[in-house]
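Here are some short exercises to work through with the structure open beside you. Try each task before reading its solution.

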Amino acid sequence: MGALNQIVDRPIISADSHVMEPPGTYVDRIAHKYRATAPRVESDPNRGDIYVIHGMPDTIPMGLVAAAGKSAQELGQAARSAKFEDLHRGGWDPQARIGDQDRDGVAGEIIYPSVGMVLCNHPDPDYKKACFDAYNLWITEYCDAHRERLFGVGQTAMRTPAEGIKDLQEIKRLGLRGVMMPGFPVLEDYDHEIYDEFWAAASELGLPISFHILTAKDGVPGANGSSRARGPKLNGFMTIIRGCQDIMGTLIFGGVFERHPTLKIVCVEADAGWVPHYMYRMDHAYDRHRYWLTAGKLSKMPSEYFRENIYVTFQDDWVAFKTMDLCNPRRLMWANDFPHSDSTWPNSQALLATHTAALSTQSKQWLLHDNVAELYKLSH
């Protein structure tokens, strides 16, 4: 899996990286019914190449999706003028991806979608299902080129729990390593008992379930939050991790882990420095207020479920590096987020050298290799 590095004596694996779906991803593979409305690339004279999704007003500027390595000043321009052919080729070409990994000192990546993140918020569950089925075929092809270094995560639209189980089985059959879920299901919420068979199937199949930032926006079936944004646009960036936090709390307080103790959930790209305080806050709420603020049946303190059942990925969250001992160090996983605008690529090695300087050898091994390798059953 590539040359070892000087930070840890085993290959570094990113627990959260992405692709930039090429123009034919959906159009070429989607069910015929949706061929004319499939997500597609169009050229905008003011914004460069953009992904247009039928039924969603917001377009996706490719320049920001593939802005790894650009300076803060360059990001504004990237959102307005990028052309697909100018983006990181490794975002859609698996051969070029290996070179990108080598440049960053990374020997393997757990790979998530980009356009697929936005599609999680599509208001039409049937359209979403067709898109995710098409994507699962494409990401399988992408990863097949280098199975020892590219580890894809599939998607399910979760229209019903029964269909979700079939999606799990198909994702497993395709050789993908995990499942990325929409932040909001179509029916009820994820702590409802109708999902118990789904959680049991995920545990039995050994497929980690991922909830990624930006996949739980308001306005989709099941959403119940406010769509208002307060303050300047930059303040909205600060709310990104909230969606993941709410899902983790729903699963814990709703008793999902109580009923499914071997279920593994991955909280993706929401940072981790907040985890110690969040666990404290959950315990405080349960200890002080559980008799008037109802929750599911719990036999342990909420923080114990978080420590055992929830994995958390992060990039350059220096607080997380400093507070590993306040979390469960066997559930923290580093990521480079390539090729997105928050990526540490191509400077991950320099960043890690600084941020892990005070960590023990064992902690580095857990964070950069062992935890992700064990979770996804990687033989490295």
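## Exercise 1: A pocket and its lining

The second largest pocket holds about 150 Å³ of space. Keep in mind throughout that this is a predicted model.

**Task.** Find out how many residues line the second largest pocket, and which of them lie nearest its centre.

**Solution.** Start with the count: ten residues line this pocket. Next, look towards the centre, where Lys70, Ala82, Lys83, Asp86 and Leu87 lie nearest. Finally, sort the lining by class: four residues are nonpolar, three are polar and three are charged.

## Exercise 2: Checking a helix

**Task.** Work out what span the 15 residues of helix α12 should have, and compare it with the distance between the end C-alpha atoms.

**Solution.** Step one: α12 covers residues 275-289. Step two: the expected span is 1.5 Å times one less than the number of residues, so this helix should span 21 Å. Step three: the end C-alpha atoms are 20 Å apart, which agrees.

**Task.** Which residues of α12 are buried, and what covers them?

**Solution.** The buried residues are Val275, Pro276, Tyr278, Met279, Met282, Asp283 and Tyr286. To read that list, recall that an α-helix has 3.6 residues a turn, so residues three or four places apart point the same way. The cover over the buried residues of α12 includes α10 (242-253), α13 (302-309) and β10 (310-314).

## Exercise 3: Aromatic rings

**Task.** Classify the ring pair formed by phenylalanine 198 and tryptophan 199.

**Solution.** There are 14 aromatic pairs in the structure. For phenylalanine 198 and tryptophan 199, the ring centres are 5.3 Å apart and the planes are at 70°. Planes over 60 degrees apart count as edge-to-face, so this pair is edge-to-face.

Now ask about exposure: phenylalanine 198 has a relative accessible area of 0%, so it is buried. Tryptophan 199 also counts as buried, because its relative accessibility is 0%. To finish, follow the ring pairs outward: they link Tyr190, Tyr195, Phe198, Trp199 and Phe211 into a cluster.

## Exercise 4: The surroundings of histidine 18

**Task.** Place histidine 18 in the fold, decide whether it is buried or exposed, and list what it contacts.

**Solution.** Histidine 18 sits in strand β1 (residues 13-18). Its relative accessibility is 0%, so histidine 18 counts as buried. Setting aside neighbours within four places in sequence, histidine 18 contacts Arg97, Ile111, Tyr112, Pro113, Ser114, Met117, His212, Glu269, Asp337, Phe338, Pro339 and His340.

## Exercise 5: Unusual backbone

**Task.** Which peptide bonds leading into proline 339 and proline 346 have which form, and where do these prolines lie?

**Solution.** First, the background: most residues other than glycine have a negative phi, and most peptide bonds are trans. The bond from phenylalanine 338 to proline 339 is cis, with omega near 0°. The bond joining tryptophan 345 and proline 346 is cis too, with omega about 0°. Proline 339 lies in the loop between β11 (332-334) and α15 (348-355), and proline 346 is in the loop between β11 and α15.

**Task.** What is the phi of glutamate 188 and of aspartate 337?

**Solution.** Glutamate 188, though not a glycine, has a positive phi of about 50°; its place is the loop between β7 (178-180) and α8 (196-205). Aspartate 337, also not a glycine, has a positive phi of about 60° and lies in the loop between β11 and α15. With a relative accessibility of 0%, aspartate 337 counts as buried. Aspartate 337 also takes us back to Exercise 4, as one of the contacts of histidine 18.

Note on methods
Residues numbered from 1 in each chain as written. Predicted model: local features only at pLDDT ≥ 70, side-chain atom pairs only at ≥ 80, totals over all residues. Heavy atoms only, no water. Helix = DSSP H or I, 4+ residues; strand = E, 2+ residues; numbered from the N terminus. Buried < 20%, exposed > 50% of the residue type's maximum accessible area, 1.4 Å probe, protein only. Contact = heavy atoms within 4.5 Å. 1 Å grid on protein atoms, 1.4 Å probe; cavity = no way out; pocket = protein on both sides within 12 Å on 5 of 7 lines; lining within 4 Å. Points joined across faces, edges and corners; volume = space filled by probe spheres on them. Nonpolar A, V, L, I, M, F, W, Y, C, P; charged D, E, K, R; others polar. Phe/Tyr/Trp six-rings, centres within 6.5 Å; stacked < 30°, edge-to-face > 60°.
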